[in-house]
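Me: I have a few questions about charged side chains and how they are classified. Please set each value against its cut-off.

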Amino acid sequence: MASSSSWKRDFASGLIILLPVIVTLYVIVYLYGILASAAFFIPAIDTELLMDLGVPADVATVRTVEFARVFVALVLFVLIVFSVGYLMRTAFGDFVESALDDAMNQVPGLRVVYNASKMAVETAVSGTEELQTPVKIEAWDGMRMTAFKTGQTTDDGRDVLFLPTAPNITSGYVVEVDPDDYEVSDERVEEALTRILSAGFGDTHKGETPLPMTNTDDD
């Protein structure tokens with residue numbers, strides 16, 4: 001008879017695999033519903049247009065029209081994003097962004113949502129590209145903390161490091177540390193971030209021997 005720890009381990013392993021898939025599918029369906037409800041501004045796409053384009057009459061259903069409108073709305077959104085992104089790379093774009101930030105920060109309540117969503121998007125888009133080599137800082141005797149090089153240095157030769165909080169890496173501390181006061185880690189950025197985002201539970205130790213998956217029989 002399998003022990004209780006065995007079926008708990010099996011259940012946890014299955015949950016780790018299935019739950020992200022379920023959440024991802026839910027987000028896709030949710031976003032599709034938003035696009036479908038917002039695609040009403042494209043009334044030109046209807047069954048007659050689809051049949052004129054060669055779509056068979058039995059295929060040009062209401063669901064097909066909805067899918068076509070969602071696809072067109074998604075293409076238009078991507079084009080707008082690229083257009084705005086190109087504009088932001090110009091001097092006029094910097095002026096527009098600064099004016100928009102100033103306007104949003106003048107509205108109580110809304111500025112919190114605006115700044116939080118902007119920071120979340122910047123973090124999601126930038127990913128780990130702006131984080132460089134992970135390092136270890138000994139904040140107190142015998143206790144080390146994980147930080148990341150930013151590639152910046154101060155005028156007196158200190159390295160500027162980013163010390164994130166766990167599990168929210170969007171907040172943290174910018175510290176100036178002498179190069180002799182920290183140790184470069186031998187792990188990759190993704191490995192260090194995994195440990196921080198999981199509050200230490202997602203840490204994988206190199207060379208660690210996994211626990212044997214055995215069943216115990218009751219006497």
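Me: Why is aspartate 156 called exposed?
Reply: Aspartate 156 has 55% relative accessibility. Exposed means over 50% relative accessible area, buried under 20%, and partly exposed in between (1.4 Å probe, protein chains only), so aspartate 156 counts as exposed. This is a predicted model, in which local features need pLDDT of at least 70 and side-chain atom pairs count only at pLDDT 80 or more, while totals for chains, interfaces and linings use all residues. Residues are numbered from 1 along each chain as its sequence is written, and side-chain values use heavy atoms, with hydrogens and water left out.

Me: What makes arginine 158 partly exposed?
Reply: Its relative accessibility is 34%. That value falls between the two cut-offs, so arginine 158 is partly exposed.

Me: How do you know that arginine 158 and aspartate 156 form a salt bridge?
Reply: Their side chains meet at 3.4 Å, N to O. A salt bridge requires a side-chain nitrogen of Lys or Arg within 4 Å of a carboxyl oxygen of Asp or Glu, so this pair qualifies.

Me: Why is the contact between glutamate 66 and arginine 63 called a salt bridge?
Reply: The N to O distance is 2.9 Å, which is within the limit, so the term applies. Glutamate 66 is partly exposed at 26%, whereas arginine 63 is exposed at 57%.

Me: What makes arginine 195 and glutamate 187 a salt bridge?
Reply: Their side chains meet at 2.9 Å, N to O, so the pair satisfies the definition. Salt bridges with shared partners join Lys136, Glu187 and Arg195 into one network.
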